[in-house]
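Me: I am new to this structure and would like a close look at a single part of it. Please take one strand, show how it sits among its neighbours, and tell me how far the model can be trusted.

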Amino acid sequence: MDPTLAEMGSHLSDAMKILESGQIETVQDTGRRRLSWRDIPGPLQGDGQNMVTILQLVQNLMHDDEDKQAPRRMQYVGEQGHMALLGHSLAAYISVLDKDRLRKLTTRILSDTTLWLCRLFRYENGSGYYHEDDREGLVKVCRLVINARYEDYATEGFTVLSSKQPVIYQSAACRPGLGQHLCSQLGLPLSSLCIVPCNTMFGSQHQMDIALLDKLIRDDVDTGKLPLLLIANAGTPGAGHTDKLSRLKELCVQYNVWLHVEGVNLAMLVLGNISSTVTAATKCDSMTLTPGPWLGLPSVPAVTLYRHEDPALVCKSILQELTICGGSMEGYFTGEREVQDALNRWLGEQLALHVPASGVDVVELEDEGVCVRFNPLMTAAALGTQESDVAVLVEKLAELVPVLSCTLRFRLDFREEVLQHAALCYIEELSWPGLGAVRYEPRRTDLEEGKRQQEVEKINSELMKKLKELDTDLEFSTGPEFTEEQNCIFIGVAAEDLDVAALVETIVCVGREIEESGKLLENMTEVVRKGILEAQLQLQKANEEKLMEEGVLRQIPLVSSVMNWFSPVQSSIKGRTFDLAAGSLDTTEPVYSLKAQPNKEASSESPSAAARRLPGQKLFRRSGAGCDTFSETSSVCHLEEPFREPLPAETSEHAEREGEVPYDRPHTLEEPSAADQRVPEGQGEEPDSIR
């Protein structure tokens, strides 16, 4: 045994002997006392007293008003009584334990003693509430019923009671002052207390009149009141009579009224053979037991057993449900604890958001780190938690825990894929609950630091916008509010069918297109100006060659018409195409040659990444969800087509061969053909045209 516990038990035994035998202080003890009147002022003068003397003084105070010749009238405290007194000493002793040990010990003691009492008194599936005042259990039950019947009571308080005044029914044979104490503790007016008379004509005159109770409840319902609770007796204080509990239970079920039973006859429930009138008490909603007076034990608390859809009773079932959620994360991630803390914090926030009535919150423990806490004993009464809320909580956990497991598994894969691309920079942010963060870095090296930062911000901002427009389950954001990294793209949690390679390749493709588009816009003005000048020079040269080829006579309007009629001339001037991306001029001859041929290649065009997806399948999804291997086309950019404008039919062969930017439609500068040059006589003629 713990030496402290053994010493405490020994002291308690000695103290009881002193108090019971009347031992007085010895002469030796008196001699040891030394007074120091000068050091201690007033009534505290002296060197104190030992424990024996103090106990003697207490004994004298206990029996000071008694006749010294008369025997002392004091209840005998036997071995069981000593154990009860020792229990109080133990309670004081264990109160100095640390919080975790104290919580585990008290929880074990409460659960075991409640289980024993429920079995002894035939009260199945009950909860227990221990209290010193035998009336406090009823107050606890009333608060529980009010929270259950008034949905907004936890937030609005007593104001919700004004809509429907609660009514508490009490037998006239109940102990005096019980109803008044109940209303006082609950803050209810005395008009909420209804005293039900006992029988006057039929049955025992100490039993509640059930017919009159039925009428009273119906009248209260008709007047807009809410029948709340009925207090019945299993042994009235005066005559020990028991109400007709079976009939009262039927009436309470009919009107949805809580039935509470108390009385000395409840002690008979532990016997082997009991009457049916007392057995009916086991079907009530709550009962108050007082084992101290029944067993003659000093300072033993009373206990109120009750049945209620209290989430505190389903903790065991929720733990059983959690064992099938998600599975183990072992082997998926061996990184820092900060990552796991971030994911657990995200889990707690999601549960609190989707199931607010569960009372789930996030706590940080010294050894375990960030944890999700579900504590219905402390939150259920205030939030009105029901068993359905616990079921939703378990369902949400079963949904989110596998997502966290997949996120941990893909986090390292995502980092490795990002590091394989020079255009992407991996951002190490351990506090981010997701796959990770990246930044697209432009390939240009001819920019100053300030302009380069502006370019990085512009590209990543546009990249974020494009990624958010995708048809995918992933979430893209700028990250935590107080992160030090800027111009980054943070990717959220992932499902098990995520194609990490496709995701990274898509980010690279979209970023590259945005970068090339920016370059094109910067050079567009200069390229267009130079292209137009070059086109004008080429067309002017072509006109001069045409003049030399056709001769002067063909330039005269009337003569040219006659000569062209008898001897048509095929113009040698060719149109021009201007490629904005390459900044070059080409003839339109390849374009018209392609138009003249049957379009056989159009049907053989390679399918895009979007076409390769299954109907209804979102981006970055592997076709074989749940398998450990990626698909063969997982690295193909899924956005290559959605962000590109289709190539026009008149696109130049040069653009197709060199892989120019598809959405840059060529500008064609073209000279009209000979057939287009025939105009009516007398009208002017344009030497060339721009198309």
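Reply: Helices (H or I, at least four residues) and strands (E, at least two) are DSSP runs, numbered from the N terminus, and by this reckoning the protein has 23 helices and 16 strands. This is a predicted model, in which local features need pLDDT of at least 70 and side-chain atom pairs count only at pLDDT 80 or more, while totals for chains, interfaces and linings use all residues. Residues are numbered from 1 along each chain as its sequence is written, and side-chain values use heavy atoms, with hydrogens and water left out.

The part chosen here is strand β2, which spans residues 166-171 and has six of its six residues buried, where buried means under 20% relative accessible area, exposed over 50%, and partly exposed in between (1.4 Å probe, protein chains only). Cover is found on both faces of β2, with P166, I168 and Q170 buried on one side and V167, Y169 and S171 buried on the other. Across the protein, 38% of the 691 residues count as buried.

Two strands pair if DSSP finds at least two bridges between them. With strand β4 (residues 226-233), β2 pairs in the parallel sense over five bridges, and V167 stands opposite P227 there. With strand β3 (residues 193-196), β2 again pairs in the parallel sense, over four bridges, and I168 stands opposite L193. Between β2 and β3 the chain passes through helix α8 (residues 178-186), in a β-α-β crossover that is right-handed; that is, with the strands pointing away from the viewer, the path from the first strand over the helix to the second runs clockwise.

Y169 of β2 also belongs to the largest nonpolar core, which has 33 residues, and is among the members that touch the most others, along with L213, L230, L248, V261, L266 and M287. Such a core is a set of buried Ala, Val, Leu, Ile, Met, Phe, Trp, Tyr and Cys residues joined through side-chain atoms within 4.5 Å. Helix α10 (residues 245-255) gives this core its largest share, five residues.

As for trust, pLDDT is the predictor's confidence in each residue, from 0 to 100, and its mean for the protein is 75, with 66% of residues at 70 or more. Over residues 326-334 the pLDDT is below 50, and this stretch has 15 contacts in the model beyond near neighbours in sequence, a contact being heavy atoms within 4.5 Å. Where pLDDT is low, the predicted coordinates should not be read in detail.
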